[in-house]
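Q: I would like to learn how to read strand pairing, charged pairs and a ligand site from a model of this kind. Could we go through them one at a time?

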Amino acid sequence: MIVKDINIIGGGPAGLYAAFYAGMRDLNVRIIETQKTLGGKVHFYPEKLIWDVGGIPGIRGAKFIDQMIEQGLTFNPEVITNQKISKFKQTDGGLFVATSESGEQYLSKRIIVATGGGIFNPKKLPLQYNVKFEETNLHHHIYHLKDFKNKNVVIVGGGNSAIDWANDLIGVAKEVHLIHRNDTFKAHEYNARKLKESSVKIHTHTLVKELVPNSAGTSVQSIRVRNSQSDQDYFLELDELLVNIGFDNELNFHHDPSLKFKLKDDYYIEGSSIAQTSVKGVYAIGDILEFEGKVRLIAGAYNDAANAVNQIKLSLDPDAEEKARVSSHNNRFDKKNQEKKD
Ligand SMILES: Cc1cc2nc3c(=O)[nH]c(=O)nc-3n(C[C@H](O)[C@H](O)[C@H](O)COP(=O)(O)OP(=O)(O)OC[C@H]3O[C@@H](n4cnc5c(N)ncnc54)[C@H](O)[C@@H]3O)c2cc1C
């Protein structure tokens, strides 16, 4: 088993930036991510514009993910996806072994916990249906609005996310229907009002009863819905079905009492402003970390990541410089600087 300097658990903004910064300090790392792709929570808002990351005015989430990944992989960290870390422990020799749910083990000298808001899995419709639909026209996220251009779209849900997407699809999709089980929308007032004044066809007190497949059985052709007040069923033809009925949040390894993390609000890992936790050798960064003055934004995650890596560097090599050299004066970029000149 290859021993890395750092196992970074979580491949969101914090984990990716930590991998980059660790490369600037000649530390070798492994990023372990439970989802199939890196990028973290930004996958929840791929079409939204992000304005508050320093030096990047107005960038769509999807493009930002690409850029974060490109930067995060600059120094070729090992990347493991589809592996959820479910526990870790320290060996007698002082190394850490992180173990995934499927039993894979990853050895490192230090650990950075970058697990953010946790593991969110979209809730599925409580119906029997062919899972193949999820590869064709049954979605739980929208990655590119343009994929919905001139389509008949049905959205199921009444929360912020469903309403945001309904509003965003106005003028893009041919027709948008919103199916909601009651008539209270849990959304920001402005967005709920915008929706009600828009062309979106709202079906309140309505439940989805059946997904009707196309003749090949590969996608959803229509849905049967029931108005719970009139008890009447009817069908809606569709091209795309978007289900936004919330997320299931899985408990994460840091809740294991044997690890002895100090937790705030039963979730966040309490640490110092330089990312140290109550467990020696384990650092926390990004949204999962709590300290006075914590900024729970991408910018704050970057600050935590640099602090954690600098602490780790010093703990492994007490003679090292306190911080990485700024990139403009760092010879690790010589080759890349040369390439950029062209
Ligand atoms: C709708 C929305 C809009 C936002 N807009 C902005 C904005 O405009 N500007 C801004 O600065 N911030 C914004 N944020 C906040 C920003 O997304 C977060 O601050 C940021 O994503 C935190 O990064 P992170 O890496 O700490 O956590 P996350 O992005 O949550 O990433 C954590 C990663 O760890 C993985 N993981 C968790 N547990 C495990 C495990 N046990 N094993 C392996 N992997 C694991 C998760 O799958 C995930 O990929 C927004 C958030 C939301 C929800």
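Q: In what sense do β10 and strand β17 pair, parallel or antiparallel, and over how many bridges?
A: In general, the strands of a sheet pair through backbone hydrogen bonds, and they do so either parallel or antiparallel. In this predicted model, β10 and strand β17 (residues 240-243) are paired in the parallel sense, with two bridges between them. The residue-level view gives L241 of β17 as the bridge partner of L138, while H139 stands opposite L242 in β17.

Q: Which strand is joined to β17 by four bridges?
A: That strand is β11 (residues 152-156), which runs parallel to β17 and is joined to it by four bridges. One position to look at is V153, whose bridge partner in β17 is E240.

Q: What is the order of the five strands in the open sheet, and which are the edge strands?
A: The order is β10-β17-β11-β12-β13, and the pairing is parallel. The edges are formed by β10 (138-139) and β13 (201-203), each of which pairs on one side only.

Q: Which residues of β17 lie on each of its faces, and are they buried or exposed?
A: E240 and L242 lie on one side of β17, L241 and V243 lie on the other, and all of them are buried, so that both faces of the strand are covered.

Q: In what order do the three strands of the other open sheet come, and what is their pairing?
A: Here the order is β19-β20-β22, and the pairing is mixed. The strands β19 (263-264) and β22 (289-290) are its edges, each pairing on one side only. Strand β20 (residues 268-270) is joined to β19 by two bridges, and these two strands run antiparallel; within that pairing, L263 stands opposite I269 in β20.

Q: Turning to charges, how many salt bridges does the structure hold?
A: The general idea is that side chains of opposite charge can pair when their charged atoms come close. The structure holds 19 salt bridges. One of them is formed by D5 with K109, where the closest N and O atoms are 3.2 Å apart. D5 belongs to strand β1 (residues 3-9) and K109 to strand β8 (residues 105-113), so this pair ties together parts that are 104 residues apart in sequence. The two partners can also be read by their accessibility: D5 is buried, at a relative accessible area of 9%, whereas K109 is partly exposed, at 32%.

Q: Which parts of the chain does the pair of K84 and E101 tie together?
A: K84 forms a salt bridge with E101, and their closest N and O atoms are 3.5 Å apart. K84 lies in the loop between β5 (78-80) and β6 (85-90), and E101 in the loop between β7 (96-100) and β8, so the parts tied together are 17 residues apart in sequence. K84 counts as buried at 13% relative accessibility, while E101 is exposed, with a relative accessible area of 56%.

Q: Which residues are joined into one network by salt bridges that share partners?
A: A good place to begin is D233, which forms a salt bridge with R224, the closest N and O atoms being 2.6 Å apart; D233 counts as partly exposed, at 31% relative accessibility. Through shared partners, salt bridges join E210, R224, R226 and D233 into one network.

Q: How many residues surround the ligand, and which are the closest?
A: The ligand is surrounded by 30 residues, of which E33, K41, Y45, D52 and N252 are the closest. By class, this shell has 12 nonpolar, 12 polar and six charged residues. Among the polar approaches, a polar side-chain atom of Y45 lies 2.6 Å from an oxygen atom of the ligand, and a polar side-chain atom of D52 lies 2.7 Å from a nitrogen atom of the ligand. The backbone takes part in the picture as well, with a polar backbone atom of I298 placed 2.9 Å from an oxygen atom of the ligand. Taken alone, the ligand exposes 1,000 Å², and the protein buries 85% of that.

Q: Where does I298 lie, and is this residue buried or exposed?
A: I298 is in helix α5 (residues 298-316), and it counts as buried, at 13% relative accessibility. Measuring C-alpha to C-alpha, I298 and F44 are 14 Å apart in space and 254 residues apart in sequence.

Conventions
Residues numbered from 1 in each chain as written. Predicted model: local features only at pLDDT ≥ 70, side-chain atom pairs only at ≥ 80, totals over all residues. Heavy atoms only, no water. Near = heavy atom within 4 Å. Polar contact = N/O pair within 3.5 Å; in protein donor to acceptor, adjacent residues only side chain to side chain. Areas by Shrake-Rupley, 256 points an atom, 1.4 Å probe, with all protein chains shown as cover. Nonpolar A, V, L, I, M, F, W, Y, C, P; charged D, E, K, R; others polar. Pairing = 2+ DSSP bridges. Salt bridge = Lys/Arg side-chain N within 4 Å of Asp/Glu carboxyl O. Buried < 20%, exposed > 50% of the residue type's maximum accessible area, 1.4 Å probe, protein only.
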